[in-house]
Amino acid sequence: MLATPARHDPEAIRSAAAALAQSERLYPRDIAARLKISEAELIGSAVGDPAGPRTVRLVDDLATVLRKVPRLGSVMALTRNEAAVHEKHGPYRDVKLFDGMGGVFERSIDLRLFMAHWQLGFAVDDRRDGRPRRSLQFFDADGSAVHKIHLLEHSDHSAFERLVEDGAHHDQSPAIRVAMPASPPADRPDAEIDRHALRERWLSLADVHQFHGLLKDLGVGRQQAFRLIGGELARAVQPQAMQKAGEAAVERGLSVMIFVPNPGCIQIHTGPIRTLGTMGAWWNILDPGFNLHLRQDLVASAWVVRKPTRFGIVTSLELFDAQQRLIAMMFGERAPEAEETAGWREIAAGLGASA
């Protein structure tokens, strides 16, 4: 039986992780889960270890690191949650950070950032197999991954080395302390929700970005709002709906937008999708420059949602896990200040109702 290492014993973590890696081919996230520690604790345990990948803890002000990422050139950006992994290739061309929020605003790398969740950062330079594999890895206070940036062969590796040198934390201890994961807040009872105000506010939306404020102001959960608003604005569909919508988008050659969120980052793909496939529980989009990996077995519910805007209705497909956490969203691509396409509305309308 695998022994669980003490959380604050980096040497024991390294030893247990090495034993696992020898017996099975596992990603660091999976190794950490097997050891009952966070991924940040696993990555941090390699700081200062000459036998492992060169790992450097980064400064607390991670915004200063992000502002230098455009110097790396084209990279692979990875954002994930428990059920979905979103990977995009491209440059970080337009990084804007202000008041704890911001984003990267470029079609190939398109992110929304919530910096309160960017609590730990590491630079990892792993050359143990003879070729450099370099990355910047960022984690929340509980040690869960927020965002990762992997250098490609044609990235600027000299710029990476300078970034790490400038961004190294004064404390290079391998012992990383993390907080306990927070449980998602429970919804208020339905009887306490002002359904009239919910419908009135929903129908008066002028922009989809106002929807989060609506939920916050009325103290209503996202799926709870969908249940209470009525079928013409939100209807439950089969959990496999994104696969069906993806297949229809490929068949029609329709350009879509696919969002994968976690508390600290939302990563967005905009464009057509072409190559789909399933491997075990994972449904995949495997296109040059964009990969999506979705654990279908972790999708507990899916909804087609219609939100008014000043430019017409915007329709989304939204997936949730068993803890009511948002996994992914799909929209049809639409031009700024334009109505969504009839093709996307037809795909959304054709998704079957949940059992």
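These legends accompany a set of close-up views of one predicted model. Residues are numbered from 1 along each chain as its sequence is written, and side-chain values rest on heavy atoms, with hydrogens and water left out. Because the model is predicted, local features need pLDDT of at least 70 and side-chain atom pairs count only at pLDDT 80 or more, while totals for chains, interfaces and linings use all residues.

**View 1. The whole protein chain, with its 10 helices and 18 strands.**
Helices (H or I, at least four residues) and strands (E, at least two) are DSSP runs numbered from the N terminus. The C-alpha atoms fill a box of roughly 60 × 45 × 40 Å along the principal axes. A compact globule of 355 residues would have a radius of gyration near 20 Å, and the 21 Å of this chain agrees; the radius is taken over C-alpha atoms, and the globule rule is 2.2 Å times the number of residues to the power 0.38. Of the 355 residues, 50% count as buried, where buried means under 20% relative accessible area, exposed over 50% and partly exposed in between (1.4 Å probe, protein chains only). The accessible surface comes to about 17,300 Å², of which 52% belongs to carbon and sulfur atoms; areas come from the Shrake-Rupley method with a 1.4 Å probe, and for residues only the protein chains shown count as cover. Among contacts (heavy atoms within 4.5 Å) with a separation of 6 or more, 61% join residues 24 or more positions apart.

**View 2. F122 and F139, an edge-to-face pair.**
The structure holds 8 aromatic pairs. Rings of Phe, Tyr and Trp (its six-membered ring) pair if their centres lie within 6.5 Å; planes under 30 degrees apart count as stacked, over 60 as edge-to-face and the rest as tilted. The ring centres of F122 and F139 are 6.0 Å apart and their planes stand at 65°, so the pair is edge-to-face. This pair links distant parts of the chain, with F122 in strand β7 (residues 120–126) and F139 in strand β8 (residues 133–139), 17 residues apart. Both F122 and F139 are buried.

**View 3. W202 and F226 within an aromatic cluster.**
Here the ring centres are 6.3 Å apart and the planes are at 70°, so W202 and F226 also form an edge-to-face pair. W202 sits in helix α6 (residues 195–203) and F226 in helix α8 (residues 222–229), 24 residues apart, so that the pair links distant parts of the chain. W202 and F226 are both buried. Step back a little and you meet one aromatic cluster formed by W202, F211, F226, W303 and F320.

**View 4. Two charges over aromatic rings.**
A charge sits over a ring if NZ of Lys or CZ of Arg is within 6 Å of the ring centre and within 35 degrees of the ring normal. K307 lies over the face of F211, at 4.9 Å from the ring centre, and F211 is one of the cluster members of the previous view. R295 lies over the face of W282, at 5.8 Å from the ring centre.

**View 5. Helix α10 and its buried side.**
In helix α10 (residues 342–349), the buried residues are G343, W344, I347 and A348. They cover an arc of only 135° around the axis, which puts them on the same side of α10; the arc is that of the directions from the helix axis to the C-beta atoms. The buried residues pack against β10 (234–237), α9 (241–252), β16 (301–307), β17 (314–320) and β18 (326–332). The face turned away carries the exposed residues A342 and A349.

**View 6. Two arginines, R112 and R107, both partly exposed.**
R112 lies in strand β6 (residues 110–114) and has 27% relative accessibility. Leaving out residues up to four places away in sequence, R112 touches G102, G103, V104, F105, G264, C265, I266 and I268. R107 is in the loop between β5 (101–105) and β6, with 47% relative accessibility. With the same exclusion of residues up to four places away, R107 touches K88, S255, T270, G271 and E333.

**View 7. K36 and E337, two loop residues with positive phi.**
K36, in the loop between α2 (28–35) and α3 (39–44), has phi near 60° and is exposed at 58% relative accessibility. E337, in the loop between β18 and α10, likewise has phi near 60° and is exposed, with a relative accessible area of 63%.
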